[in-house]
Amino acid sequence: MKSTFTAALRASTTPVIAEVKVRGGDGTQLLRGRSVADVVAAYHEAGAAALSVVTGRWFGGTCELLHEVASRTDLPLLRKDFVVGRAQLRRTKELGASAVLLTARLLPAGRLPELVHQALELDLTPFVEVADETEIAGLGAVAPDCVVAVNNSDIATRETAGDPGRDLRLLPAVLGTGTAFPVSAGGIDDPARAARLLAAGYTGLLVATALLTADHPAAWFADLRRNLTTEHRESP
């Protein structure tokens, strides 16, 4: 699979997809008085490979938020929302995204492959979110065309709870699908854990709250680089 989004992950020494999200599932305000421009600039300075923009209304998102972020960066953008149809895919492309979240749990059997093919026709990278072995097995032949992302959080609780060990437990099954881009998404709360995930075989990480609540995202990324050096030195 070749795309601007995956090329950015492959080229980065810190393949982090940094998230722009207005509020958490529990209502916590995550922008904390900052402008969208301020957040985007901080992620640029830190060295994010790509950005994720949450447009879902549960999290205070809007299509206008994605449009604004697109106007302020040339980094590849992932649209995160509950996308279930072709019209939403077209709108995603119009707003400036290069990848789109497709949540396996929300889609009936047979619908996910259709949306993957429709996304690819629009030159959108399918960013398919899974949370268990059954969903991974259901990807079938489309997996090599997708980023396959393990969500450590539970969408049923608006991502206020989850299983932080899910990503490492499911990594072998994800790699078995043939995807070249396994991503751990959600619940990554510190740079040391992020480094362990990359050392284990993930090619990208989606980091949301930890970066949005960090006083200095650049310092978080610097810690990640130090931890990656340690992981590399200690690996056999």
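**Exercise 1. Decide whether aspartate 123 is buried or exposed, and describe its backbone.**

Aspartate 123 has a relative accessible area of 53% and is therefore exposed, where exposed means over 50%, buried under 20% and partly exposed in between, computed with a 1.4 Å probe on protein chains only. The model is a predicted one, in which local features need pLDDT of at least 70 and side-chain atom pairs count only at pLDDT 80 or more, while totals for chains, interfaces and linings use all residues. Residues are numbered from 1 along each chain as its sequence is written, and side-chain values use heavy atoms, with hydrogens and water left out.

The next step is to place the residue: aspartate 123 lies in the loop between helix 5 (111-121) and strand 5 (125-130), helices (H or I, at least four residues) and strands (E, at least two) being DSSP runs numbered from the N terminus. Its phi is positive, at about 65 degrees, although aspartate 123 is not a glycine. Most residues other than glycine have a negative phi.

A second residue can be treated in the same manner. Arginine 32, in the loop between strand 1 and helix 2, has a positive phi near 50 degrees, and its relative accessibility of 43% makes it partly exposed.

**Exercise 2. Determine which residues serine 98 and threonine 55 touch.**

Begin with serine 98, which is found in the loop between helix 4 and strand 4 (99-103) and is buried, with a relative accessible area of 14%. Not counting residues up to four places away in sequence, serine 98 touches Phe5, Pro76, Leu77, Asp123, Leu124 and Thr125, contact meaning heavy atoms within 4.5 Å. Asp123, the exposed residue of the previous exercise, is thus one of the contacts of serine 98.

Continue with threonine 55, located in the loop between strand 2 and helix 3 and buried at 5% relative accessibility. Leaving aside neighbours within four places in sequence, threonine 55 is in contact with Gly61, Thr62, Cys63, Leu66, Arg79, Lys80 and Asp81.

**Exercise 3. Classify the ring pair of tryptophan 58 and phenylalanine 82.**

A pair of aromatic rings is described by the distance of the centres and the angle of the planes. Rings of Phe, Tyr and Trp (its six-membered ring) pair if their centres lie within 6.5 Å, and planes under 30 degrees apart count as stacked, over 60 as edge-to-face and the rest as tilted. A search of the whole structure finds three aromatic pairs. For tryptophan 58 and phenylalanine 82 the centres are 5.6 Å apart and the planes stand at 90 degrees, so the pair is edge-to-face.

Because tryptophan 58 lies in the loop between strand 2 (50-54) and helix 3 (63-72), and phenylalanine 82 in the loop between strand 3 (77-80) and helix 4 (86-94), the pair ties together parts that are 24 residues apart in sequence. Tryptophan 58 is partly exposed at 27% relative accessibility, and phenylalanine 82 is partly exposed at 33%.

**Exercise 4. Describe how helix 7 and helix 8 pack.**

Helix 7 (residues 166-175) and helix 8 (residues 191-200) pack at an angle of about 10 degrees, with their axes 11 Å apart; axes are lines fitted to C-alpha atoms, for helices over the stretch in contact, and angles run from 0 to 180 degrees between N-to-C directions. The two helices are therefore roughly parallel to each other, since angles under 35 degrees count as roughly parallel, over 145 as roughly antiparallel, 65 to 115 as roughly perpendicular and the rest as oblique. Helix 7 contributes Asp167, Leu168 and Leu171 to the contact, and helix 8 contributes Arg193, Leu197 and Ala200.
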